[in-house]
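Let's work through some exercises on how helices and strands fit together. Keep the sequence and the 3D view open, and try each task before reading its solution.

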Amino acid sequence: MCDRPSVGAGNGDPMTTSGVIQELTATGLEESPKAEQAERRRKQRGGRRPSFTMFLVIVPFLVLIFLFSYFPLYGWIYSLYDYKPALGLQGSEFVGLQWFQLLVGSPTQVAQIGQVLLNTLAISFLGIATSVLPLAFAIFLNEVKAPWFRGAVQTLTTLPNFISWVLVYMIAFSLFSSTGLVNGVLSDMGLITVPVKFLDSDENVWITMTLWSVWKGLGWGAIIYLAAISGIDRELYEAAEIDGAGRFQRMWYITVPQLMPTYIVLLLLSVANLLNNGMEQYYVFQNAFNKEHIQVLDLYVYNIGMTGNNLSMATAIGMLKSLISVALLFTVNGIAKRVRGQSIV
Amino acid sequence: MKLRKKVAAVASALATIGMLAACTPGAAQEDRAAVSEFPTSWDEEITIDVFDGLANYQGMQEGWFGKLVKDKFNMKLNIIAPNVAGGGDTLFNTRVTAGDLGDLIITDQGEKLDELIAGGLVLDSAPYYGAMDDAARFDAAVARINEESGGTYAFPSQVSSIKPTEPSEGLDPTFGPYVRWDLYKEAGYPQLDTLEDLLPALQKMQEIQPTAPNGQKTYAISLFKDWDGNMMNNAKQPTTFYGYDELGFVLAKADGEDYQGILDEDGEYFRALKFYHDANALGLVDPDSTTQNYDTLWTKYQNGQVLFSFWPWLGQAAYNTEENTAAGRGFMIAPLQDQTIFSYGAPAYGGKQVLAIGSKAEDPERIAAFIDWLYSPEGTLSNNSQTMGAAGPEGLTWEMDGDEPVLTDFGKEVFLNGDAEVPAEWGGGSYIDGTSALNISAVLPIDVDPERGFPYSYKLWPSYQALIETPLSTDWSTNMDDASTTIDYLTKNEQIMVAPGASYTAPADSSEIETLRNQVKATVVQYSWQMIFAESEAEFDSLKAKLQETADGLGYEQVLEFDMANAEDQNDLRVEVAKEFG
């Protein structure tokens, strides 16, 4: 980039520092006929200083992004070694692509990873499908006229968001275990003789997991919509009222369309997080009986790497996640390009 | 240019950080002068980190044992217990990566120890070994475990002067079908020809006592998942009644006559799963089994909610209190006619776990002195766990009466009734809470104390035997050919199979085998549980077929082949040791 000829200086090319320096040398050599021009350039140079200062301002953030988003990619190198913590990376054996070969080595292995991806995507899509619930909840909550009741409902539904998954599991356990409250009540009422296994069963794992996260996130998810609702112009409602719109009509024809932009943005964000459905929830709920359908990608990586004590293999699987994410990103980008004629990246 | 330089500087700085982060500290060990005698007192108080792969307690060692160590070595023990922290080897790996595992390390021989030596995380204690007189009594074992490394990195556990062909266990074997004898008696001492005959007997017992004194429902069998490894731990236990023990995916018979893969079609492992499955179909298995942990299970045994135990140190230890046994209640071994119970012979060269000094230890000499003390009579009596029969410090729990050791009143209170308040001059607090949290036996408790001529374990003292004669033991004895102890009964009836204590350590898995193994074992454990709780016989069979198919697909055969070779090596070593010492 330093080879750019000095002539290019004035024609709006993006200037690099080296370009400026070369340009200066060039002007120094040339004589007076273009003094006026040189003067202008000097002014321009003075005008560029703030832009360099501005660059310095963003440097810390660039460094942070580099440190936390790109530097960790260095860790991928672990997937090429047979990493043993006591020996360090240097002491560990270099095994090349062994772990990747193992990943696709047997049909059972491939089927297992396939199942894991299926779980991940299924739970994510169920999550996206249920993302209309906070929207609906916010709209209905907004219609409640008694402020104290509204406040109480909002507080009570937001609260679960601040409970950790471990505690949620404690609640689930005391309610649904074989000696839990629900089984106790059912058997006291004489409806069952043998306790129903709610937690250690493989039935409807995806749905129950989605329900738990809806319970936990409903109130929290509604906050942003409530804020958006309060920003809707009151005149729209007044005009609709004069035109004879009923309450539900106002909700449907004014509130919902007004909230759509917010909803779409959040939807896009959750698509980007398709593979990141976290692991805490599934980690605490997993057991021998539901493992087949509860193992999402993050949990699978943890089970292999930490429980199975193979950090290198876990790295290799983790890379899979990055690859799929990049593929997803380009797909979404392609769709956006076609639909809006404008790409995201 | 300036900017480019800056960028370059930043980039190279980051790269350096990266290199540093990827580095492990090298094994820089300065030369230490050899010592021939340890000082008798230590001026400066220190606290050492004990990384203890066996401990079930995390934190400072408290109580009488803590005080004993403090008085002798002016040292406090801060115990770091991966068992408590959970997450498998995570804690081990993080600490190892940081370059400092602990000052005193208790870990496994083989892969882990080799890795630590190679990574320079453990200290060569050769300079101190000259002063370690008590450990030197077991020089053969010390020499053997350090044979390959060439230094003196590790010290053995469970050493003794007992022959490797003798049981290492004392009065009761490690495994065995223990039933609630009082209920078995009420059921009319049903004849038990083989394992499956236990089911109708247990069913009858459960019918006799459907609820425990605390009002909860009783179950014949209650399981837990905490110790699942290569297979479902609880499902291995019935196979030990017929002389098998696990080695990877192999069930090897103690006498070397039979080796089975756990997924063999008509093998012992599937027999055990079928046994539990049938028990579940009869309503004998606690539905909490799938979710409870060992602690919960222990409490259930204490409350009398469980009627069968595959280990004496679970059922008996939890339930056979003085009050219960006086009333004739308690767990005793059932006369399973065809049993040949697996027994671990006294290890000729020590057990699986070893003690080692961390390379970053501040005062390695004092830690060496402490390790040495663990092999001394005083250390053995104090450090061994009381469930193994350790008698505790002389003067507190026991004293010499003439030339015979007897329990003091305090000792009777502790060992017969469960616990007592320790006098202030011994450190105060509960006796049980104050016992050594190290949970490692340097010397086997059944070994004989060279100073006094009696076993370290109070359970083997004549004075104690006389003390514990209860209606329970008398009734059991009358029905079991007048045997005095379980081992006595089993030996007389040739129902015990001792695997000579060869101190065999399987070589480390190659990374490929390890990866295959980890995936296969997760599958085995998962399906084993599902099979036990399967709704029907057909479902049991289809799960079994699915397990075999999935495990095969994940590389089970390859790992089995590896384990099979190890099992045969182990047997060769057993034969050799039996010949050498027998």
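Below are five exercises, each with a worked solution.

This is a predicted model, in which local features need pLDDT of at least 70, side-chain atom pairs count only at pLDDT 80 or more, and totals for chains, interfaces and linings use all residues. Residues are numbered from 1 along each chain as its sequence is written, while chains are lettered from A and ligands numbered from 1 in the order in which they are written.

**Exercise 1. Annotated spans in chain A**

Task: Find what UniProt places at residues 117–332 of chain A, and describe the chain there.

Solution:
- Step 1. An unreviewed UniProt entry places "domain: ABC transmembrane type-1" at residues 117–332 of chain A. UniProt positions follow the numbering used here, feature names are shortened, and annotations may be inferred rather than shown by experiment.
- Step 2. This span is 75% helix and 0% strand, with its end C-alpha atoms 19 Å apart. Helices (H or I, at least four residues) and strands (E, at least two) are DSSP runs, numbered from the N terminus.
- Step 3. The unreviewed entry also has the annotation "transmembrane region", covering several stretches of chain A, including 116–141 and 162–186. Residues 116–141 of chain A are 92% helix and 0% strand, and their end C-alpha atoms lie 37 Å apart. For residues 162–186 of chain A, the figures are 72% helix, 0% strand and 30 Å.

**Exercise 2. Two helix crossings in chain A**

Task: Work out how helix 10 of chain A crosses helix 6 of chain A and helix 12 of chain A.

Solution:
- Step 1. Helix 6 (residues 132–143) of chain A and helix 10 of chain A have axes that come within 7 Å and cross at roughly 60°. Axes are lines fitted to C-alpha atoms, for helices over the stretch in contact, and angles run from 0 to 180 degrees between N-to-C directions.
- Step 2. The two helices are therefore oblique to each other. Angles under 35 degrees count as roughly parallel, over 145 as roughly antiparallel, 65 to 115 as roughly perpendicular and the rest as oblique.
- Step 3. Helix 6 of chain A passes helix 10 of chain A in a right-handed crossing. A crossing is left-handed if the near helix is turned anticlockwise from the far one by less than a right angle, and right-handed if clockwise.
- Step 4. By class, this contact of helix 6 of chain A with helix 10 of chain A has 12 nonpolar, 2 polar and no charged residues. Here Ala, Val, Leu, Ile, Met, Phe, Trp, Tyr, Cys and Pro count as nonpolar, Asp, Glu, Lys and Arg as charged, and the others, Gly among them, as polar.
- Step 5. Now take helix 10 (residues 205–230) and helix 12 (residues 247–272) of chain A: their axes come within 10 Å and cross at roughly 120°. That makes helix 10 of chain A oblique to helix 12 of chain A.
- Step 6. A:Ile224, A:Tyr225, A:Ala228 and A:Ile229 of helix 10 make the contact with A:Thr255, A:Leu259 and A:Thr262 of helix 12. Residues are in contact if their C-beta atoms, placed from the backbone, lie within 7 Å.

**Exercise 3. A helix pair in chain B**

Task: Decide how helix 11 of chain B is oriented to helix 12 of chain B.

Solution:
- Step 1. The axes of helix 11 (residues 233–240) and helix 12 (residues 268–281) of chain B come within 8 Å and cross at roughly 110°.
- Step 2. These two helices are therefore roughly perpendicular to each other.
- Step 3. The contact between helix 11 and helix 12 of chain B has 7 nonpolar, 1 polar and 1 charged residues by class.

**Exercise 4. Sheets in chain B**

Task: Trace the strand order of the sheet that holds strand 8 of chain B, then that of the sheet that holds strand 2 of chain B.

Solution:
- Step 1. In chain B, 3 strands form an open antiparallel sheet in the order 7-8-9. Its edge strands are strand 7 (244–247) and strand 9 (259–261) of chain B. Strands pair if DSSP finds at least two bridges between them.
- Step 2. Strand 7 and strand 8 of chain B pair over 4 bridges, and they form a hairpin with 2 residues between them. B:Gly248 in the turn has a positive phi of about 60°.
- Step 3. Between strand 8 (residues 250–253) and strand 9 of chain B there are 3 bridges, and B:Val250 stands opposite B:Gly261.
- Step 4. Another open sheet of chain B has 6 strands in the order 2-3-1-4-13-5, with mixed pairing. Helix 16 (residues 364–375) of chain B lies across several of its strands, among them strand 13 (353–357), to which helix 16 runs at about 150°.

**Exercise 5. Where the chains meet**

Task: How many residues does each chain bring to the contact?

Solution:
- Step 1. Chain A gives 37 residues and chain B gives 37 residues.
- Step 2. Helix 5 (107–129) of chain A is one of the helices that each supply at least two residues of the side touching chain B.
- Step 3. By class, that side of chain A has 18 nonpolar, 15 polar and 4 charged residues.

Key:
Two residues are in contact if their C-beta atoms, placed from the backbone, lie within 7 Å.
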